[in-house]
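This report goes through the strands, the helices that pack on them, and the side chains between them. Please keep the sequence and the 3D view open while reading.

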Amino acid sequence: FLSAVTFHHKQTNKMAANPIVIFNTSMGSFKAEIYNDKMPLTAGNFLSLVKEGFYNDLHFHRVIKDFMLQFGCPHSKDPKSRQNGTGGPAPNSTFTNFVTGETLKRDAGGSIKDEHTAKISNEVGTLSMANAGPNSGGSQFFVNTVHNAFLDWFDRSTESQHPVFGKVIEGMDVVKKIEATPTDGNDNPRTPVKMISVTIA
């Protein structure tokens with residue numbers, strides 16, 4: 001009986017195929033496919049945060065035209081917080097690998113290990129992990145609005161290494177609208193752009 005319960009629990013922690021995530025913002029909605037098949041650790045970290053409602057009511061804190069939109073800092077509940085860009089998940093918190101069903105642990109800084117496996121380039125519309133150096137990714141990510149090949153972990157032209165874990169499949173016009181929003185000297189939108197909700201379709 002016990003093993004049957006354990007087996008059932010593991011099954012519910014798995015996801016079939018690559019999930020579609022809906023980003024509902026104050027400027028419209030867009031959808032992205034999450035590469036659970038190729039990037040199970042990075043995708044699992046992100047999808048676990050989505051399931052927890054971590055991203056709801058946060059704001060895009062860094063928007064740079066012809067580059068990218070950055071998002072996912074918990075401090076950005078206040079769009080003008082000076083701490084924006086410095087936050088992440090709770091230290092030693094857990095997330096799920098939705099391919100294997102296993103529970104994994106983030107480190108003392110709330111970060112996960114870099115998943116430098118699949119060679120997916122930072123092309124237009126891709127979702128990529130923001131970080132402050134090796135193994136420092138947590139909840140923050142960015143949407144590329146141009147092809148930023150120099151950010152690829154397998155591109156050695158710079159030290160920047162940002163693994164891609166998904167791609168916008170619908171609503172790129174909304175992404176471009178957010179990209180065009182006026183910003184201040186810190187690349188923070190003058191009129192806050194809120195993430196009302198992030199949900200799995």
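Which residue in S2 is the bridge partner of Ile-20? It is Glu-33. The model is a predicted one.

**The sheet**

Ile-20 belongs to strand S1, which covers residues 20–25. The covered face of S1 carries Val-21, Phe-23 and Thr-25, while Ile-20, Ile-22 and Asn-24 are on the uncovered face. S1 has pairings with S2 and with S11. With strand S2 (residues 28–34), S1 forms six bridges in the antiparallel sense, and a hairpin of two residues connects S1 to S2. With strand S11 (residues 194–200), S1 runs antiparallel and is joined by five bridges. Val-21 of S1 has Ile-200 as its bridge partner in S11.

These strands are part of an open sheet of nine strands, with antiparallel pairing and the order S3-S11-S1-S2-S10-S8-S9-S5-S4. Strand S3 (58–59) and strand S4 (62–64) are the edge strands; each has a single partner strand, so one side of each has no neighbour in the sheet. Elsewhere in the order, S8 and strand S10 (residues 164–170) run antiparallel and are joined by three bridges. One of the bridge pairs there is Thr-126 with Lys-167 in S10.

**Helices on the sheet**

Helix H2 (residues 40–52) packs on the sheet and touches S1, S2, S8, strand S9 (141–144), S10 and S11. The direction of H2 makes about 110 degrees with that of S11. Helix H3 (residues 172–179) lies across S1, S2, S4, strand S5 (68–71), S9 and S10. H3 runs at about 115 degrees to S2.

**Aromatic side chains**

There are 14 aromatic pairs in the structure. Two of them are set out below.

| Pair | Centre to centre | Angle between planes | Geometry |
|---|---|---|---|
| Phe-46 and Phe-141 | 5.4 Å | 80 degrees | edge-to-face |
| Tyr-55 and Phe-71 | 5.7 Å | 35 degrees | tilted |

The pair of Phe-46 and Phe-141 links helix H2 to strand S9, with the two positions 95 residues apart in the chain. Phe-46 has a relative accessible area of 1% and is therefore buried. Phe-141 is also buried, because its relative accessibility is 4%, and the cut-off for that term is under 20%.

In the tilted pair, Tyr-55 is in the loop between H2 and S3 and Phe-71 is in strand S5, so the contact ties together parts that are 16 residues apart in sequence. Tyr-55 and Phe-71 are both buried. Phe-46, Phe-141, Tyr-55 and Phe-71 are among the members of one aromatic cluster, which also includes Phe-23, Phe-30, Phe-54, Phe-60 and Phe-165.

A ring is also involved in an interaction with a charge: the charged end of Lys-38 sits over the ring of Tyr-35, 5.3 Å from its centre.

**Nonpolar cores**

In soluble globular proteins, nonpolar side chains tend to be buried together. Here the largest nonpolar core has 38 residues, and those that touch the most other members are Phe-23, Ile-34, Phe-46, Tyr-55, Phe-60, Leu-127 and Phe-141. H2 gives the most to this core, with five residues.

What does Phe-46 contact, leaving aside neighbours within four places in sequence? The contacts of Phe-46 are Val-21, Phe-23, Ile-34, Tyr-55, Phe-141, Phe-165 and Val-198. A second core, separate and made of six residues, includes Ile-64, Phe-67, Ala-130 and Leu-151.

**Two loop residues**

Is Lys-119 buried or exposed? Lys-119 has a relative accessible area of 64%, so it is exposed. Lys-119 is in the loop between strand S7 (103–105) and strand S8 (126–129). Not counting residues up to four places away in sequence, Lys-119 touches Trp-153 and Phe-154. The C-alpha atoms of Lys-119 and Asp-152 are 8.1 Å apart, although the two are 33 residues apart in sequence.

Thr-181 is in the loop between H3 and S11. Thr-181 counts as buried because its relative accessibility is 12%. Beyond its neighbours within four places in sequence, Thr-181 is in contact with Val-63, Pro-189, Thr-191 and Val-193.

Note on methods. Residues are numbered from 1 along each chain as its sequence is written. This is a predicted model: local features need pLDDT of at least 70, side-chain atom pairs count only at pLDDT 80 or more; totals for chains, interfaces and linings use all residues. Side-chain values use heavy atoms; hydrogens and water are left out. Buried means under 20% relative accessible area, exposed over 50%, partly exposed in between (1.4 Å probe, protein chains only). Helices (H or I, at least four residues) and strands (E, at least two) are DSSP runs, numbered from the N terminus. Two strands pair if DSSP finds at least two bridges between them. Contact means heavy atoms within 4.5 Å. Axes are lines fitted to C-alpha atoms, for helices over the stretch in contact, and angles run from 0 to 180 degrees between N-to-C directions. Rings of Phe, Tyr and Trp (its six-membered ring) pair if their centres lie within 6.5 Å; planes under 30 degrees apart count as stacked, over 60 as edge-to-face and the rest as tilted. A charge sits over a ring if NZ of Lys or CZ of Arg is within 6 Å of the ring centre and within 35 degrees of the ring normal. A nonpolar core is a set of buried Ala, Val, Leu, Ile, Met, Phe, Trp, Tyr and Cys residues joined through side-chain atoms within 4.5 Å.
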